[in-house]
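Reader: I am new to this structure and would like a close look at a single part of it, the place where protein and DNA meet. Please take me through that part slowly, in one connected account.

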2 protein chains.
Amino acid sequence: MREGPDIARIASLIGDPARANMLTALMSGKALTASELAQEAGVTLQTASSHLAKLTDGGLLRLRKQGRHRYFALAHDDVAHVLENLMGLAVSAGHLRMRTGPKDGALRKARICYNHLAGDMGTRMFDSLMTQRHLELNEKGIDLSESGVALMQHLGIDLAALRAKRSALCRECLDWSERRTHLAGSLGRALLERFEQAGWASRDANSRAVHFTRRGEKAFREAFSIAEP
Amino acid sequence: MREGPDIARIASLIGDPARANMLTALMSGKALTASELAQEAGVTLQTASSHLAKLTDGGLLRLRKQGRHRYFALAHDDVAHVLENLMGLAVSAGHLRMRTGPKDGALRKARICYNHLAGDMGTRMFDSLMTQRHLELNEKGIDLSESGVALMQHLGIDLAALRAKRSALCRECLDWSERRTHLAGSLGRALLERFEQAGWASRDANSRAVHFTRRGEKAFREAFSIAEP
DNA sequence: GTAATGCTTCGATCACGCTCGAACTATGAG
DNA sequence: CTCATAGTTCGAGCGTGATCGAAGCATTAC
């Protein structure tokens, strides 16, 4: 026993309901203040402060001070990745305790996964990029093919800027609702930003849902050659 | 708030040190009895029994009764996948609390990840399969190319039997020590079994380490065209 | 049958950690 | 400077859940 890393430490960090709610809220990719997170978790500001200290100390959150506000965000993409995986397990293994309200449908269709697009539309986009060989596999993971580069430039993505970053361009992320892969990494992030910039989609203010306009969804399907559902 | 699946439920299950030790022990892929798991976790049989009931009830473990023994195993590959991811996060985000003993080197070189090979040799094998185009990407994930099929047949893998199973042939799994991908899925499992069958490697009785014989390691490197370290 | 092993259930203990009220610090507004 | 907002720290209360002793089943051995 006692071999390998200490998974109990971070699992117990995620295991508290208040903290789990905070982390789930931060999966929206937005940095939130302590007050906002307190409300999100349904606890007072004092307890929230204690929880946030533990989460940052545990390496799960990153803190950015800005004036008299303290903005908290997930420390790294890895954290979001683990949380999304846990959601998948919670759905499959656990008896799913989620009120399937009106929001739920929207979440399953398109939502934010930290900083990129997930849900049905996210997995469809990934599938399309794969089948059309816009993405290809090499020893270091996934990368854009020539046709993929052309497509991204046509969509107005600044690939040079993305390549300059040290983080990976393309990463895979498992979708908890679809149980299939969607595109993460700096390209995944840039694409979502582009969709918003182009007016195709907008984020829901209070949830992880992403709302596509009718024209935006049409343009999205055309861009990635996705058939009508 | 309260949107999405209940990650706190399973995270808190994993979050208890005793249970985390049990789950880590089960990452060896072996089904263990309640007594063995109690010893692994460092608790008495009574408390272990309580923990095991919670884990099975929570959908993380699967129970197989056999005579007067009760064998516990991870319920599904997904569970192992999440645990491996959590280990990666524990290493990167947490201050790593692991005694870096002699076992540690062996674990990093080659170890069991539930039912397939992980560690340095696992990631090298995956990299080799990728660069030599034995594996290729399609819309459904990874699959063997023609040359890959030939290689597996040469190695004595019964692909027809594997394809008959409903579970995926190839899956990716993130390595906590290498922080890179290695091969999971039924093929990953079959390959490890083949290595043992061929006398190339054997599992450590008390840990997740996999010991390759000198001849076995040489044969392994030749089979996958891996250069000397 | 009796004995032994493997494991569960019950009950009591006990401690950890979540929670919030109150007081305190810090930054900004007027 | 005064007031307001944002957040932390301290301390006490309190419940949940981990733990183990003892007793109870269940299965195998003899």
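**Where protein meets DNA**

Author: In this predicted model, a phosphate oxygen of DNA strand D is 3.0 Å from an N or O atom in the side chain of B:Arg19. Two other side chains of chain B can be described in the same terms: an N or O atom in the side chain of B:His51 is 2.6 Å from a phosphate oxygen of DNA strand D, and for the side chain of B:Lys54 the corresponding distance is 2.4 Å. The surface near DNA strand D draws on both protein chains, and the elements that give two or more residues to it are α3 (34-41), α4 (45-57) and β3 (69-74) of chain A, together with α2 (17-26) and α4 (45-57) of chain B. Among these elements, α4(B) gives the most, with 4 residues.

Looking at this surface as a whole, one finds 20 residues around DNA strand D, of which A:Ser35, A:Ser49, B:Gln46, B:His51 and B:Lys54 come nearest. By class, the surface near DNA strand D is made of 10 polar, 6 charged and 4 nonpolar residues. On the DNA side, 67% of the atoms of strand D that lie within 4 Å of the protein belong to sugar or phosphate, while the rest belong to bases.

The other strand can be read in a similar order. DNA strand C is surrounded by 20 residues, and the closest are A:Gln46, A:His51, A:Lys54, B:Ser35 and B:Ser49. Of the atoms of DNA strand C that come within 4 Å of the protein, sugar and phosphate account for 65%. At least two residues of the surface near DNA strand C are supplied by each of α2 (17-26) and α4 of chain A and by each of α3 (34-41), α4 and β3 (69-74) of chain B, and α4(A) gives the most, with 4 residues. The division by class for the surface near DNA strand C is 4 nonpolar, 10 polar and 6 charged residues.

Individual contacts with DNA strand C come from both chains as well. From chain A, a polar side-chain atom of A:Arg19 lies 3.1 Å from a phosphate oxygen of the strand. From chain B, a polar side-chain atom of B:Ser49 lies 2.6 Å from a phosphate oxygen of DNA strand C, whereas at B:Arg70 a backbone N or O atom lies 3.2 Å from a phosphate oxygen of that strand.

The relation between the two protein chains belongs beside this account. Chain A can be laid on chain B with an RMSD of 0.1 Å by a turn of 180° and a shift of 0.0 Å along the axis, which is the relation of a two-fold axis. Because 100% of the interface residues of chain A are also interface residues in chain B, the copies meet through the same surface.

Finally, within chain A, two of the helices already named can be followed into their packing against each other. The axes of α2(A) and α3(A) are 8 Å apart and the helices pack at an angle of about 120°, in a crossing that is right-handed. The contact is made by A:Ala18, A:Asn21, A:Met22, A:Ala25 and A:Leu26 of α2(A), and by A:Leu37, A:Glu40 and A:Ala41 of α3(A). By class, the contact of α2(A) with α3(A) has 6 nonpolar residues, 1 polar and 1 charged.

Methods:
Residues numbered from 1 in each chain as written. Chains lettered and ligands numbered in written order. Predicted model: local features only at pLDDT ≥ 70, side-chain atom pairs only at ≥ 80, totals over all residues. Heavy atoms only, no water. Least-squares fit on C-alpha atoms with pLDDT ≥ 70 in both. Contact = heavy atoms within 4.5 Å. Near = heavy atom within 4 Å. Polar contact = N/O pair within 3.5 Å; in protein donor to acceptor, adjacent residues only side chain to side chain. Nonpolar A, V, L, I, M, F, W, Y, C, P; charged D, E, K, R; others polar. Axes fitted to C-alpha atoms, helices over the stretch in contact; angles between N-to-C directions. Left-handed = near helix turned anticlockwise from the far one by under 90°.
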